[in-house]
Amino acid sequence: MSTDPTWHQCMIQGHWFKHLPLSLQDSLLRSARLRALAPGQVLFQRGDAPCGLYAVLSGSMRVGAVSSEGKEALLTLVEAPQWFGEISLFDGQPRTHDAQAEGEVRLLWIPQAALLSLLALQPGYWRDFALLMSQKLRLVFVALEQQSLLAAAPRVALRLLQIAAGYGEMNDSRRVLQLSQEQLALMLSLSRQTTNQILKSLQQDGALRLGYGEIEILDPARLQALASPAGTVIR
């Protein structure tokens, strides 16, 4: 199918897609279909069959799970130009989490059958998809370490810097994050009260500004200094 040139312009902003072989970039975009989701619309749920790979063009996807008691675990908000859904490409197993639109969302969708056909013809491309998955695995290990070793305030500072950098996918860090305090608390497994206290303290220190449904980073160096006990530098 013909591709919209703006798709490439959006995707090339992400480190993973930007460093793919041009032939693989072209193959993915030729196989891509546009998906538009309404606010709250579910893309897939835990236990669903694999359906392919997705990239966010605009908006954000809420990835997590809800227990039988109604308790939510929010893993992350996936934003442009991030890709997601690669785990089921490798093992063919059901989806591990729910993915739901946070507001209006536009996605690129590469169907599972198209991906498997491409990889059957070009098995060398498996390494490129493995790099996407290994990047996510590194983030998981870092998050587990932070939860075990860091106090709440450094964890908040680190996560804000990670989100601003698109978890390593973006060339330049953003200053304004479309993120509520409740969402941040869920991602860090902190109470909303604790998260609110930390954010207000950072606002008083001039590190950030709190708005309705958003957090503006004013002084990244202050956040990095707070996060420095972990010895982690956000790149």
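**Exercise 1. Charge and overall form**

How many positive and how many negative side chains does the chain have, and how far apart do the centres of the two sets lie?

*Solution.* The structure is a predicted model, and the values in these exercises are computed from it. Counting the charged side chains gives 21 positive and 20 negative ones, and the centres of these two sets are 2 Å apart.

The next step is to describe the fold as a whole: the chain contains ten helices and nine strands. Its radius of gyration is 18 Å, close to the 18 Å that the globule rule gives for 235 residues, so the chain is as compact as a globular protein of that length. Along the principal axes, the C-alpha atoms fill a box of roughly 55 × 40 × 30 Å.

Finally, consider burial and surface. Buried residues account for 41% of the 235 residues, while the accessible surface comes to about 11,900 Å², with 54% of that area belonging to carbon and sulfur atoms. Of the contacts between residues at least 6 apart in sequence, 70% join residues at least 24 apart.

**Exercise 2. The annotated domain and a residue in strand β3**

Determine which residues the UniProt domain annotation covers, and then describe the surroundings of Ser 60.

*Solution.* According to the unreviewed UniProt entry, the annotation "domain: Cyclic nucleotide-binding" covers residues 16–119. Over that stretch the chain is 25% helix and 45% strand, and the C-alpha atoms at its ends are 17 Å apart.

Ser 60 is placed in strand β3, which runs over residues 52–66. Its relative accessible area is 8%, and because buried means under 20%, Ser 60 counts as buried. Once neighbours within four places in sequence are left aside, the contacts of Ser 60 are Val 78, Glu 79, Gln 100, Ala 101, Glu 102 and Val 105.

**Exercise 3. Backbone geometry**

Identify the cis peptide bond at Pro 81, and then compare the settings of Tyr 167 and Ser 189.

*Solution.* As background, most residues other than glycine have a negative phi, and most peptide bonds are trans. The bond joining Ala 80 and Pro 81 is cis, with omega about 5 degrees, and Pro 81 is found in the loop between β4 (72–79) and β5 (83–84).

Tyr 167 has a positive phi, near 55 degrees, and belongs to the loop between α7 (152–164) and β7 (176–177). With a relative accessible area of 14%, Tyr 167 is buried.

Ser 189 likewise has a positive phi near 55 degrees, but its loop is the one between α8 and α9 (192–204). At 56% relative accessibility, Ser 189 counts as exposed, whereas the helix just before Ser 189, α8 (residues 181–188), is mostly covered, with six of its eight residues buried. Those buried residues are Gln 181, Gln 183, Leu 184, Ala 185, Met 187 and Leu 188.

**Exercise 4. A loop residue before α10**

Is Asp 219 buried, partly exposed or exposed, and which residues is Asp 219 in contact with, leaving aside its neighbours within four places in sequence?

*Solution.* Begin with the position: Asp 219 lies in the loop between β9 (214–217) and α10 (220–227). Its relative accessibility is 24%, and therefore Asp 219 counts as partly exposed. Leaving aside neighbours within four places in sequence, Asp 219 is in contact with Gly 206 and Ala 207. As a last step, take the distance to His 15, which is 204 residues away along the chain: the C-alpha atoms of Asp 219 and His 15 are separated by 24 Å.

Definitions and conventions: Residues numbered from 1 in each chain as written. Predicted model: local features only at pLDDT ≥ 70, side-chain atom pairs only at ≥ 80, totals over all residues. Heavy atoms only, no water. UniProt positions renumbered as here; feature names shortened; annotations may be inferred. Helix = DSSP H or I, 4+ residues; strand = E, 2+ residues; numbered from the N terminus. Rg over C-alpha atoms; globule rule 2.2 N^0.38 Å. Buried < 20%, exposed > 50% of the residue type's maximum accessible area, 1.4 Å probe, protein only. Contact = heavy atoms within 4.5 Å. Areas by Shrake-Rupley, 256 points an atom, 1.4 Å probe, with all protein chains shown as cover. Lys, Arg positive; Asp, Glu negative; His and termini not counted. Charge placed at Lys NZ, Arg CZ, Asp CG, Glu CD.
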